[in-house]
Amino acid sequence: MRSLFAMLLVSLLAACAGVDRPKPAPLPENVPLLGVRAVWSVAIGSVDFPLDVRVVDGRAYLASTDGTVAVLDAQTGADVWRTKLDTPLSAGVGSDGRYAAVVSRTSELLVLDAGKLVWKQKLKALTLTAPLVAGGRVFTLSADRTVVAFDAASGQRLWQQQKAGDALVLGQSGLLTAVGDTLVVGYGGRVAGLNPLTGATRWETAVVSARGTNEVERLVDVVSGYSREGNQICVRAFQYAVACLDASTGKSLWSKPANGSTGVAGDASMVYGTEADGKLSAWNRKDGEKAWTLDRYRFRVLSAPLVAGRSLLFGDDAGNLHVLSKTDGAPLNRIKTDDSGLSVAPVLAGKTLLVVSRRGTVYAFRPE
């Protein structure tokens, strides 16, 4: 564990090292072409781990670093339930609408039912990816490339699969999702489709091949935040590429160079992503050709985006929520939250937009 944590820390420091980021240009005056109103805000506690906000049946599942797990009614912000676990968290939240799953910094998988801790299991390594709860099972992906399946009701370990690890691993959340009856997992620069009942590999596809003169430059991993349309899933490989593939067969559809660290979003025609230098890019979903790139937010630290209707939304490290036209990136509105910054991608719960600041305040907005 100590060795793995050191590798993760090295990868994080390496990713942030280098020359100081230039100061971004001042933002232009906000002209609200699309009306957005604040409807409620709720504090859950500070968030300094890669939080995955899960929305199921109009309820938002969230967690804070100190071990608070909360389920909020997205319409009102009222607590459905809230539980304080006696341990800091490194990953969460996964839920199927009944069970909620998180992982502690001591590598324990903790599963709750209606706010009550029903079981916990020790994992082999530090885990930064939110568990996936689906089909009566809880799946975990640890930093050492181990995938484990547990029975959601009893906590019984059902199967385990581990891929070869790299010298360095990325200190952020990875790809773990379900497409149809296939469990889709990111391993380094590869994506694999597993049988969720047995863990057997159905297919495995290289998204990108690592290159570079040292281990830091060769560090590559498929990060969380993907765009799915039918069986097609589009993903981000850290600092290397944005790519799309067929999740039913594993066939690679296209891969384009892109230097970013956050996941992507999309719709039937386009895929969108924020880049390491603060640029915003759009790729045609069919062939990956670049549709447009924006320099307006260059040198700002941007969250992963969200597509909602005709809008593209993302947060920045100054606490601004940006609302753009997804057609050409034209600004539609900008909303200020708090100065701790927005690092978690915005999420949509029905007609309610949710964003979470690093301070741990959940803000809810709706179009006017």
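## Close-up views of a predicted protein model

**View 1. Strands β6 and β7 run side by side in opposite directions.** In this predicted model, β6 and strand β7 (residues 99-104) are joined by five bridges in the antiparallel sense. To find your way into this pair, look for G92, which stands opposite V102 in β7.

**View 2. An open sheet is built from four strands.** Let us step back from that pair. In which order do the four strands of this open sheet follow one another? The order is β6-β7-β8-β9, and the pairing is antiparallel. At the edges you will meet β6 (89-95) and β9 (116-122); each has a single partner strand, so one side of each is left without a neighbour in the sheet. Neighbouring strands here are turned by 20° against each other on average, with direction ignored.

**View 3. R334 sits in strand β29.** Now let us visit another part of the chain. The strand that holds R334, β29, covers residues 331-336. Is R334 buried, partly exposed or exposed? R334 counts as partly exposed because its relative accessibility is 22%, and the buried class takes in values under 20%. How far is R334 from A91? Their C-alpha atoms are separated by 29 Å, and the two residues are 243 residues apart along the chain.

**View 4. R334 has several contact partners.** Which residues does R334 touch, if those up to four places away in sequence are not counted? One group of partners is L27, P28, E29 and N30, and R334 also touches N320, L321 and H322. Take a good look at P28: its backbone oxygen lies 2.9 Å from a polar atom of the side chain of R334.

**View 5. The whole protein puts the close-ups in context.** Finally, zoom out to see everything together. The protein has one helix and 32 strands. Its C-alpha atoms fill a box of roughly 55 × 50 × 40 Å, taken along the principal axes. How does the radius of gyration fit with a compact globule? For 368 residues, such a globule would have a value near 21 Å, and the protein has 19 Å, which agrees. What share of the 368 residues counts as buried? The answer is 54%. Among contacts in the protein with a separation of 6 or more, 47% come from residues 24 or more positions apart. On the outside, the accessible surface comes to about 15400 Å², and 51% of this area belongs to carbon and sulfur atoms.

Methods
Residues numbered from 1 in each chain as written. Predicted model: local features only at pLDDT ≥ 70, side-chain atom pairs only at ≥ 80, totals over all residues. Heavy atoms only, no water. Helix = DSSP H or I, 4+ residues; strand = E, 2+ residues; numbered from the N terminus. Buried < 20%, exposed > 50% of the residue type's maximum accessible area, 1.4 Å probe, protein only. Contact = heavy atoms within 4.5 Å. Polar contact = N/O pair within 3.5 Å; in protein donor to acceptor, adjacent residues only side chain to side chain. Pairing = 2+ DSSP bridges. Axes fitted to C-alpha atoms, helices over the stretch in contact; angles between N-to-C directions. Rg over C-alpha atoms; globule rule 2.2 N^0.38 Å. Areas by Shrake-Rupley, 256 points an atom, 1.4 Å probe, with all protein chains shown as cover.
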